[in-house]
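Here is a short briefing for a first look at this structure. Keep the sequence and the model side by side as you read.

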Amino acid sequence: MMDEEQDRISNLSDDVLAHILSFLELRDAFKTMILSKRWEKVWTLTHSINLNNKSCVRRFDQRLSLDKEIRRRTTFINFINGVLFGDNMIFPVKAFTLSYYFGYADFIRHRHSPYLIKWVDAVSTNDLEKFDFSISIDCTFPVLNMPPTLFQCQNLVTLSLESINRVLICFDVLETACLLSLKYLRLVKVRFEEENTLKNLLSGCPVLEELYMEPGDTGFKSIPHFYFISPSLKILRWKREEGFHGYFVVKAPKLEHLHFVEHSMLGFSMSVSPSLVSVVMDIGSSFGHHGHISVKKLFQGISNAQKLEWSTHRTFMANKVELDNLPEFCNLTHLKIGSCQDLYFVSSIIQHSPHLKHLIFDKDHFISGPMTWSPPVPVPPCLVSHLETVEIIAPEGQTSYEIELILYLLHEGKVLKKMIVTPFSCMDLRRKLWESPKTGGCKIVFSDFPAGGTSR
């Protein structure tokens with residue numbers, strides 16, 4: 001009985017043991033082969049390769065000879081080659097995760113790194129279900145071109161390509177991809193030169209649900225248009241804070257969540273999605289040199305959202321006629337305003353959001369500049385029947401026109417229940433709110449944190 005209890009795990013089936021080992025990094029799973037003859041081949045049944053080479057990397061502040069580092073790197077490379085091509089080959093590979101750091105030894109010993117592309121090509125079969133590849137570097141190194149076979153894996157569900165330091169990964173899909181099972185796609189600091197690559201990639205992903213793209217400083221400079229066209233996409237996230245100039249077109253009828261950070265765009269249009277829930281827009285433009293963004297196109301596609309977070313950088317050139325003709329945000333109940341230079345723009349969104357319940361001015365919600373405040377006419381419908389909470393988070397305090405807007409909301413909010421002011425140290429606003437007459441039973445809360453504070 002004691003002997004049986006001491007080694008019950010070895011009596012489990014190969015499938016169960018392989019599943020357990022699949023959660024380990026491959027080199028740790030490999031070490032289990034020395035436990036007993038029963039375990040010699042179990043690690044090869046995992047169908048999963050999870051590797052990180054940081055343990056054999058010499059950082060520049062460590063005392064390790066270059067020759068020794070090269071030997072460690074060579075051992076690591078030979079191990080992977082053995083797993084993919086040797087007698088102890090893992091086949092088929094269903095999950096491939098590789099986090100690779102390039103040090104000086106790689107530059108000296110394997111300057112062009114053909115082995116990396118060889119590994120990717122080897123696992124790019126119809127058995128592959130997950131592919132997660134990240135790379136970082138401390139020295140000069142050429143861009144890695146992903147093989148086209150990677151974009152023909154019909155059972156691939158998750159695909160992630162990431163460069164840590166700078167753009168190191170490049171690919172072009174010149175023909176339609178064939179990623180029939182792909183649901184999650186993540187591209188961080190990758191580059192492609194052909195404008196049709198994104199179109200071809202997305203058109204070959206008929207069940208794609210989530211797309212995250214963060215191009216970095218040097219990706220896509222030569223591409224003027226980005227087309228996000230997908231009949232199945234539910235979540236789209238784009239993040240770029242550096243100087244890329246381009247037009248963005250989104251056609252995703254099932255889109256539920258849009259998170260879009262782009263500080264130098266030329267234009268944006270989006271088709272209406274009936275299922276749209278939340279939108280985060282943190283945008284800037286190159287108006288002074290490249291033209292004018294159509295406010296109608298910008299808002300038409302997102303007007304169906306239930307939650308909206310809005311920030312603009314540089315001058316948001318929207319004239320009064322455009323703002324007066326904004327589409328109605330009939331489903332909008334939560335609105336957060338970040339950086340913005342146009343008070344009339346803020347008033348227009350509130351005016352066109354009849355069912356707004358919660359309004360937040362977050363942090364540096366207005367960039368200082370020559371602005372005036374005029375109360376909207378007529379009074380926005382949401383102030384009469386729906387707006388319940390207003391929160392002001394502004395560490396630098398408020399200017400006079402911002403205070404006028406806040407007092408206006410307090411006075412005209414017929415069903416307003418709570419106004420939260422953070423931080424507590426905004427003495428001028430605090431005094432005016434304290435003295436201002438209020439409609440109904442609105443509670444004013446002063447706090448150093450949004451969650452609590454003193455109240456009146």
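Two residues are in contact when heavy atoms lie within 4.5 Å. By that measure, among the contacts in the protein with a separation of 6 or more, 66% join residues 24 or more positions apart. The model is predicted. The points below go from the whole chain to single residues.

**Whole protein**
- The protein has 456 residues, and 49% of them count as buried.
- It holds 14 helices and 22 strands.
- About 21400 Å² of the protein is exposed. Carbon and sulfur atoms supply 53% of that area.

**The start of the chain: α1 to α3**
- Helix α1 spans 2–6 and helix α2 spans 14–21, with I9 in the loop between them.
- I9 has 42% relative accessibility. Partly exposed covers the range between 20% and 50%, so I9 belongs there.
- I9 also helps make a nonpolar surface patch, together with L12, V16 and I20. The patch measures about 290 Å².
- Which residues of α2 are buried? L17, A18 and L21 are.
- These three cover an arc of only 100° around the axis, so they sit on the same side of α2.
- Helix α3 (26–30) is included in what covers the buried residues of α2.

**A three-stranded sheet**
- Strands β4, β6 and β8 form an open sheet, in the order β4-β6-β8. Their pairing is parallel.
- The edge strands are β4 (144–145) and β8 (190–191), and each of them pairs on one side only.
- In general, the strands of a sheet pair through backbone hydrogen bonds, either parallel or antiparallel.
- Two bridges link β4 to β6 (residues 169–170), in the parallel sense.
- To find this pairing in the model, look for L144, which stands opposite I169 in β6.

**F85 and its contacts**
- F85 lies in helix α4, which runs over residues 66–85.
- Is F85 buried, exposed or partly exposed? At 38% relative accessibility, F85 counts as partly exposed.
- Leaving aside residues up to four places away in sequence, F85 touches K118, W119 and A122.
- F85 and A122 are 37 residues apart along the chain. Their C-alpha atoms are separated by 8.5 Å.

Technical notes: Residues numbered from 1 in each chain as written. Predicted model: local features only at pLDDT ≥ 70, side-chain atom pairs only at ≥ 80, totals over all residues. Heavy atoms only, no water. Patch = residues over 30% accessible without salt bridge, like charges linked within 9 Å, V, L, I, M, F, W, Y side chains within 5 Å. Areas by Shrake-Rupley, 256 points an atom, 1.4 Å probe, with all protein chains shown as cover. Salt bridge = Lys/Arg side-chain N within 4 Å of Asp/Glu carboxyl O. Helix = DSSP H or I, 4+ residues; strand = E, 2+ residues; numbered from the N terminus. Buried < 20%, exposed > 50% of the residue type's maximum accessible area, 1.4 Å probe, protein only. Pairing = 2+ DSSP bridges. Arc of directions from axis to C-beta.
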